[in-house]
Amino acid sequence: MINFTYVRTTTAKAAVGLLAKEKNAKFIAGGTNLVDLMKRGVTAPDRLIDINAVPLKQIELVGNMMHIGALATNTAVAEHELVKLHFPLLSLALQAGASQQLRNAATVGGNMMQRTRCGYFYDTTMPCNKRAPGTGCGAITGYNRMHAIFGGSEQCIAVHPSDMCIALVALDSTVVLSGPKGERKLKFIDFHKLAGTTPDKDNNLLPGEMIIRVEIPTNKLAAHSYYVKVRDRASYAFALVSVAAGLELQGNKIVDVKLAMGGVAHKPWRLLEAETFLKGKMATEANFKSAAQIAMKNAKAYKENAFKLKMAPNTLIEALNLAKSKA
Ligand code: SF4
């Protein structure tokens with residue numbers, strides 16, 4: 001049993017103040033990952049700061065920016081008319097995540113903060129540099145079917161587990177944070193980090209910072225967006241590979257394209273080189289295949305996840321074809 005104190009707060013300012021007072025405190029909202037981590041002994045905060053009453057549930061268009069509060073639930077975002085109209089890619093990605101019950105409780109901020117589902121991370125009897133730095137990585141020479149093919153380090157090859165974040169990185173989102181030094185903005189692509197030599201850190205949040213909202217610029221991708229998730233069962237399973245694809249087409253010409261992959265790296269994996277290749281070209285199967293080849297440059301498989309070297313480009317081609325044909 002772990003002992004912790006529990007406190008509720010109603011403003012972001014008070015929440016940040018409470019976090020600063022206690023070194024080993026954590027925010028709790030939906031708790032859909034944090035409670036599991038506490039039950040398994042992976043994390044043991046001394047204090048939980050319940051932020052559910054902080055007014056950060058807004059989903060609204062402000063000028064040409066969609067503002068989504070950190071405490072909006074995954075269901076509220078996925079089913080919101082403005083999100084479905086302007087960012088169907090985000091709605092599809094959210095609907096592909098977890099289960100309906102979990103989406104009802106999980107929040108946008110919590111989704112961003114969720115931790116990898118690497119089995120060694122959750123098993124406190126096993127070595128894991130992410131859970132216990134310096135103990136080694138069980139997965140690199142062990143069971144690594146779900147693990148990274150891009151950006152892995154010698155210390156950790158875990159993958160980022162979110163679907164929502166794959167869409168958000170493709171959509172050029174920005175994260176608004178609040179901390180002891182005030183508010184700052186971070187590009188979504190820079191929010192999560194590669195494992196490198198600090199696999200215990202999943203993101204670039206500074207000590208004492210809180211996620212306030214995500215901002216997404218409007219675009220012309222809505223008519224041709226698709227999220228494809230390949231997984232072991234049709235629901236309630238993490239991605240083996242997923243792809244978020246958005247196309248802006250003039251006839252069959254690609255004016256703009258946004259691509260990101262999930263289930264393949266320690267962070268949502270944006271495919272910028274493949275995007276550059278496709279821009280200005282025709283939306284043909286041959287060009288999609290060439291883009292997939294470019295996207296797979298630098299991929300590296302481990303003993304049990306070599307199948308991803310085929311699955312990832314095939315999923316990218318499928319997502320592009322589905323995005324293109326979507327009316
Ligand atoms: Fe831990 Fe990362 Fe290795 Fe998994 S891949 S055992 S999370 S260090």
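Student: Which residues are exposed on the other side of helix 1?
Tutor: Lys-13, Ala-20 and Lys-21. Before we go on, this is a predicted model, in which local features need pLDDT of at least 70, side-chain atom pairs count only at pLDDT 80 or more, and totals for chains, interfaces and linings use all residues. Residues are numbered from 1 along each chain as its sequence is written, and side-chain values use heavy atoms, with hydrogens and water left out.

Student: What makes a residue "exposed" rather than "buried"?
Tutor: Relative accessible area decides: under 20% is buried, over 50% is exposed, and partly exposed is in between (1.4 Å probe, protein chains only).

Student: And what makes a stretch a helix or a strand here?
Tutor: Both are DSSP runs, numbered from the N terminus: a helix is H or I with at least four residues, a strand is E with at least two.

Student: Back to helix 1, then. Which of its residues are buried?
Tutor: In helix 1, residues 12-21, they are Ala-12, Ala-15, Val-16, Leu-18 and Leu-19.

Student: Why are they said to line one face of helix 1?
Tutor: Look down the axis of helix 1: the buried residues fall within an arc of 160°, so one face is what they line. The arc is taken from the directions that run from the helix axis to the C-beta atoms. As a rule, an α-helix has 3.6 residues a turn, so residues three or four places apart point the same way.

Student: How does helix 11 divide into buried and exposed residues?
Tutor: Helix 11 spans residues 285-295, and Asn-287, Phe-288, Ala-291, Ala-292 and Ala-295 are buried there. Down the axis of helix 11, those buried residues fall within an arc of 145°, so they also line one face. Ala-286 and Gln-293 are the exposed residues on the face turned away from that side.

Student: How do you know that Gln-293 is exposed?
Tutor: Its relative accessibility is 65%, so Gln-293 counts as exposed. From Gln-293 to Ile-317 is 24 residues in sequence and 10.0 Å in space, C-alpha to C-alpha.

Student: Why is helix 5 called mostly covered?
Tutor: Six of its eight residues are buried. Those are Pro-88, Leu-89, Leu-90, Ser-91, Ala-93 and Leu-94. Take Ala-93: its relative accessible area is 0%, so it is buried. Ala-93 and Leu-168 lie 75 residues apart in sequence, with 9.2 Å between their C-alpha atoms.

Student: What is unusual about the phi of Ala-98?
Tutor: Phi of Ala-98 is near 50°, a positive value in a residue other than glycine. In general, most residues other than glycine have a negative phi. Ala-98 sits in the loop between helix 5 (88-95) and helix 6 (100-105).

Student: Why is Ala-98 called partly exposed, while Asn-298 is called exposed?
Tutor: Ala-98 has 29% relative accessibility, so it counts as partly exposed. Asn-298 has 66%, so it counts as exposed. Asn-298 also has a positive phi, near 75°, and lies in the loop between helix 11 and helix 12 (308-325).

Student: What makes Gly-262 and Glu-215 buried?
Tutor: Gly-262, in strand 11 (residues 253-262), is at 2% relative accessibility, so it counts as buried. Glu-215, in strand 8 (residues 210-217), is at 4%, so it counts as buried too. C-alpha to C-alpha, Glu-215 and Lys-185 are 9.6 Å apart in space and 30 residues apart in sequence.

Student: How many residues surround the ligand?
Tutor: The count is 15, and the closest are Cys-118, Tyr-120, Cys-128, Cys-137 and Cys-156. A residue qualifies if one of its heavy atoms lies within 4 Å of the molecule.

Student: And how does that shell divide by residue type?
Tutor: Ten are nonpolar, four polar and one charged. Here Ala, Val, Leu, Ile, Met, Phe, Trp, Tyr, Cys and Pro count as nonpolar, Asp, Glu, Lys and Arg as charged, and the others, Gly among them, as polar.

Student: What does UniProt say about residues 1-221?
Tutor: An unreviewed UniProt entry places "domain: FAD-binding PCMH-type" there. In the model, the end C-alpha atoms of residues 1-221 lie 49 Å apart, and the span is 26% helix and 19% strand.

Note on methods:
UniProt positions renumbered as here; feature names shortened; annotations may be inferred.
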